[in-house]
Amino acid sequence: MSISTSSTTDTRPPLLFDPYDYDFHEDPYPLYARLRDEAPLYYSERDDFWVLSRHADVFAAFRDDVTFSNRMGVTLDPSAWNPEAHRVMSFLALDGKAQSRIRKLVSAAFTPRRVRELEPQVQRLTEHYLERLFAGNAAEGEADWIGELAGKLPMDVISELMGVPVADRDEVRRLADLLVHREAGVRDVPPAGMEAAIELFNYYGAMVKERRVRPSDDLTSALVEAEIDGDRLTDNEINAFLCLMVVAGNETTTKLLGNALFHLAAHPDQRAAVLDRGGPDLVVPWVEETLRHDNSTQMLARYVTADVELHGRTLPAGSKLLLLIGSANRDERVFTRPSEYDIHRSKDELGESLAFGTGRHFCLGANLARLEARVVLAELVRRVERFEVHADRAVRVHSVNVRGFAQLPTTFTERGAR
């Protein structure tokens, strides 16, 4: 049953939330605002799931993984919602001791030091792709920020980290794209996405077996060798983590880089502050405000293990629940002028962002995503005097969980070029 508390004189349409709807993907935020105000605990009869949209509720649910479990996975798609979700989502689809065990073993290999040591590689890749981007821009008067840089660099970083050969990276990227894309009218993982998941799982499985025979200095070998008190990861557990990384560590960073350019270009004064005056000093707040204002990961699912009384309603045990991160980060109960994009927003407010979650399931790749975004955008600021995003020709990705662009045509003016 759809919920609406509007009066009889209210001309707004009924409150209907459909995360598969293409129109919703274009701009979900007005509907999020209505959910927060009119139905902070919303039920979708059509798809049999519940929704939390306010910051306080989403925060509390992230912190309570006993009541709000990850055991069925984190996606709304019916075929991916099952007790075996951890086989492809790793610790993201586990709770308690099982989650802690995998995460600790993975963290023994995927260390902060390993991430920091990637910075020179990220810098080299940034310079390489910017050269190609600027060459295309010079020849055509514009270039696709996603196709020429943002859609390539994160996969290269993840692939170098894992040890994926250069010759295989375009195909791995193609398979990752198929995993997140949703066709209009299809309310589940499409057949192409299912096939892509199987191909990726088989590919990484073969890579893990090879590293057991011929170890190298990459993350895959480090995962094979990771050991805590005699406990080690199995091949399937390593494989699941690698599959998780290719989406969580690749797609989301691509979308972050696209969203950052899109929103800054729409605010000329802030763009001028970054490009003309602030330079690198404003890159970090630019990244953080983008994460708050229009996060790559918009929603995550949870399995409810016990009845919960909330907002005058009962959220029953056994339910599927969506936590709307994108809505929480626009909650006027926490953020001042939440719908405004403001790179000068206070650090205190930015610290309330739930872009990477909170608690036990805080995103393990947050530091890597921030590193990539900082290096790429700082180098762009160093080399570009101005950029204009052609928003009328931008093409969005259509996905339930991930929000961003498939194409973002942009014109760049390099410093010193007239």
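## Helices and the place of N250

Helices are runs of at least four residues assigned by DSSP, and they are numbered from the N terminus. In this predicted model, the residue N250 has its place in one such run, helix α13, which covers residues 235-265. N250 counts as buried, because its relative accessibility is 0% and the cut-off for a buried residue is under 20% relative accessible area.

Setting aside neighbours within four places in sequence, N250 is in contact with P154, M155, I158, R173, A176 and M245. One of these partners, M155, can be described in finer detail, since its backbone nitrogen lies 3.2 Å from a polar atom of the N250 side chain. A separation along the chain can also be set beside a separation in space: N250 and D18 are 232 residues apart in sequence, and their C-alpha atoms are 26 Å apart.

## The chain as a whole

The protein chain contains 18 helices and 14 strands. Its radius of gyration is 21 Å, close to the 22 Å that the globule rule gives for 418 residues, and the chain is therefore as compact as a globular protein of that length. Taken along the principal axes, the box filled by the C-alpha atoms is roughly 60 × 55 × 40 Å.

Of the 418 residues in the chain, 54% are buried. The chain exposes about 17900 Å², and carbon and sulfur atoms supply 52% of that area. Among the contacts with a separation of 6 or more, 72% are between residues that stand 24 or more positions apart. The chain carries 51 positive and 66 negative charges, and the mean positions of these two groups are 3 Å apart.

## R403, a buried residue in a loop

Where does R403 lie? R403 is found in the loop between β12, residues 395-396, and β13, residues 405-407. With a relative accessible area of 7%, R403 is buried, because a value under 20% is what places a residue in that class.

The side chain of R403 makes a polar contact with the side chain of D294, at 2.6 Å. If the neighbours within four places in sequence are left aside, the residues in contact with R403 include H25, E26, D27, P28 and Y29, together with K255, N259 and D294. The contacts of R403 also include N295, S296, Q298 and R396.

## Helices α14, α15 and α5

L275 lies in helix α14, which spans residues 268-278, and with a relative accessible area of 6% L275 is buried. Not counting neighbours within four places in sequence, L275 is in contact with V381, V384, E385, R386, F387 and R415. The residue R383 is 108 residues away from L275 in sequence, whereas the distance between their C-alpha atoms is 9.4 Å.

Helix α15, made of residues 283-293, is mostly covered, as 10 of its 11 residues are buried. Among these buried residues are V283, P285, W286 and V287, as well as the charged residues E288 and E289. The buried part of α15 also includes T290, L291, R292 and H293.

Is R101, in helix α5, buried or partly exposed? At 28% relative accessibility, R101 counts as partly exposed, because the cut-off for buried is under 20% and the cut-off for exposed is over 50%. R101 touches D231, R232, L233 and E237, when residues up to four places away in sequence are not counted. The C-alpha atoms of R101 and D231 are separated by 9.0 Å, although the two residues are 130 residues apart along the chain.

## Two residues with a positive phi

Most residues other than glycine have a negative phi. D48, which is not a glycine, nevertheless has a positive phi of about 55 degrees. D48 is in the loop between β1, residues 41-44, and β2, residues 49-52, and at 48% relative accessibility D48 counts as partly exposed.

S90 is another residue other than glycine with a positive phi, near 55 degrees. S90 lies in the loop between α4, residues 86-89, and α5, residues 96-109. At 3% relative accessibility S90 counts as buried, whereas D48 counts as partly exposed.

Technical notes
Residues are numbered from 1 along each chain as its sequence is written. This is a predicted model: local features need pLDDT of at least 70, side-chain atom pairs count only at pLDDT 80 or more; totals for chains, interfaces and linings use all residues. Side-chain values use heavy atoms; hydrogens and water are left out. The radius of gyration is taken over C-alpha atoms; the globule rule is 2.2 Å times the number of residues to the power 0.38. Buried means under 20% relative accessible area, exposed over 50%, partly exposed in between (1.4 Å probe, protein chains only). Contact means heavy atoms within 4.5 Å. Accessible areas come from the Shrake-Rupley method with a 1.4 Å probe; for residues, only the protein chains shown count as cover. The place of a charge is taken as NZ of Lys, CZ of Arg, CG of Asp or CD of Glu. A polar contact is a pair of N or O atoms within 3.5 Å; within protein, one must be able to donate a hydrogen and the other to accept it, and residues adjacent in sequence count only if both atoms are side-chain atoms.
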